[in-house]
Amino acid sequence: MQKSNGQTKEIIVNSVNIEIREALDDDFSWIEEVMQHALEAYYGGDHRAHAKRIFDAHIKGGVDHLGFFSFEQRMFIAEVDGERAGMIHLVGKRQSTYKISPLIVAPEFQGRFGLGSRLLAYAESYARKHQAHQLYCTVAEQNVAALQFFLRKGFIRAGSSDSHYKSGVTETMLYQAPI
Ligand SMILES: CC(C)(COP(=O)(O)OP(=O)(O)OC[C@H]1O[C@@H](n2cnc3c(N)ncnc32)[C@H](O)[C@@H]1OP(=O)(O)O)[C@@H](O)C(=O)NCCC(=O)NCCS
């Protein structure tokens, strides 16, 4: 069963209830933890501070008045039976594209409920609704699971950059068009 209510989507699969909704105030500590855990291997810098910056932008209404390229920052949470299980952050760009940065399913939920696929489908539908013509992201070459995931979903490898975000880690640029 699928129920869609504005920006909340609820699906019942094998009696497990899966819901995708906007991130709320009390989601921050969970988001901070999953971002730190998923990103520290591939990216330098302070992931907790980065999480706070993008989360605050979303909570304050998601409108980026100052961004030269960005106009919007939105964060969504996937829950399984009321438990936080995955997140996606979307950055809307003035060039009618959306950047996924990042998409994370908590390790204990990976490969079990298709949450990565559901969050990506949610992002595609959000981007389409906002007249975007392209979704894109970058993934560390060493992050084989994530790279395989995006390639299986039809993303096209646009190129790569050595030591782009972290010394010794090659970053792959991926895009999906048209959405
Ligand atoms: C990438 C990620 C989001 C996938 O989430 P998931 O819920 O496990 O993925 P799904 O169950 O929806 O799998 C979807 C597809 O990807 C494939 N896939 C998932 N994990 C895979 C892996 N480790 N290796 C190869 N393929 C994989 C599945 O086989 C499936 O293919 P299908 O649709 O053709 O059957 C998850 O592994 C993750 O959160 N990784 C850590 C965070 C991260 O690195 N994010 C990328 C930075 S943006």
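This report walks through the ligand shell, the strand pairing and a few backbone oddities of the structure above. Keep in mind that the model is predicted.

**Around the ligand**

Let's start with the ligand. The shell around it holds 20 residues, and Gln110, Gly116, Ser117, Ala145 and Ala146 are the ones that come nearest. By residue class, the shell splits into 12 nonpolar, 7 polar and 1 charged. Two strands and two helices each hand over at least two shell residues: β6 (97-105) and β7 (134-140) on the strand side, α3 (115-129) and α4 (144-152) on the helix side.

One of those elements, β6, also has something to check in its backbone. The peptide bond between serine 101 and proline 102 is cis, with omega at about 0 degrees, and proline 102 sits in strand β6. That strand is among the elements supplying at least two residues of the ligand shell.

**Strands β3, β4 and β5**

Next up is β4, which pairs with two strands described here. Here's how the pairings look, with one bridge or facing pair for each:

| Strand pair | Sense | Bridges | Example pair |
|---|---|---|---|
| β3 (residues 16-22) and β4 (residues 70-80) | antiparallel | 5 bridges | glutamate 22 and phenylalanine 76 |
| β4 and β5 (residues 83-93) | antiparallel | 10 bridges | glutamine 73 and valine 91 |

So what is the bridge partner of glutamate 22 in β4? It's phenylalanine 76. Over on the β5 side, valine 91 stands opposite glutamine 73.

If you're tracing side chains along these strands, a general rule helps: in a regular strand they alternate between the two faces of the sheet.

**Two positive phi angles**

β4 and β5 form a hairpin with 2 residues between the strands. Aspartate 81 is in that loop, and its phi is positive, about 45 degrees, although the residue is not a glycine. Is aspartate 81 buried or exposed? Exposed: 10 other C-beta atoms lie within 10 Å, and the cut-off for exposed is 12 or fewer.

Serine 163 is another non-glycine residue with a positive phi, this time about 50 degrees. Where is serine 163 found? It belongs to strand β8 (residues 156-166). Serine 163 counts as exposed too, because it has 10 C-beta neighbours inside 10 Å.

For a quick look at backbone geometry, then, the spots to pull up are the cis bond joining serine 101 and proline 102, the positive phi of aspartate 81 and the positive phi of serine 163.

Key. Residues are numbered from 1 along each chain as its sequence is written. This is a predicted model: local features need pLDDT of at least 70, side-chain atom pairs count only at pLDDT 80 or more; totals for chains, interfaces and linings use all residues. A residue is near a molecule or strand if its C-beta atom, placed from the backbone, lies within 6 Å of it. Helices (H or I, at least four residues) and strands (E, at least two) are DSSP runs, numbered from the N terminus. Ala, Val, Leu, Ile, Met, Phe, Trp, Tyr, Cys and Pro count as nonpolar, Asp, Glu, Lys and Arg as charged, and the others, Gly among them, as polar. Two strands pair if DSSP finds at least two bridges between them. A residue is buried if 20 or more other C-beta atoms lie within 10 Å of its own, exposed if 12 or fewer, and partly exposed in between; C-beta atoms are placed from the backbone.
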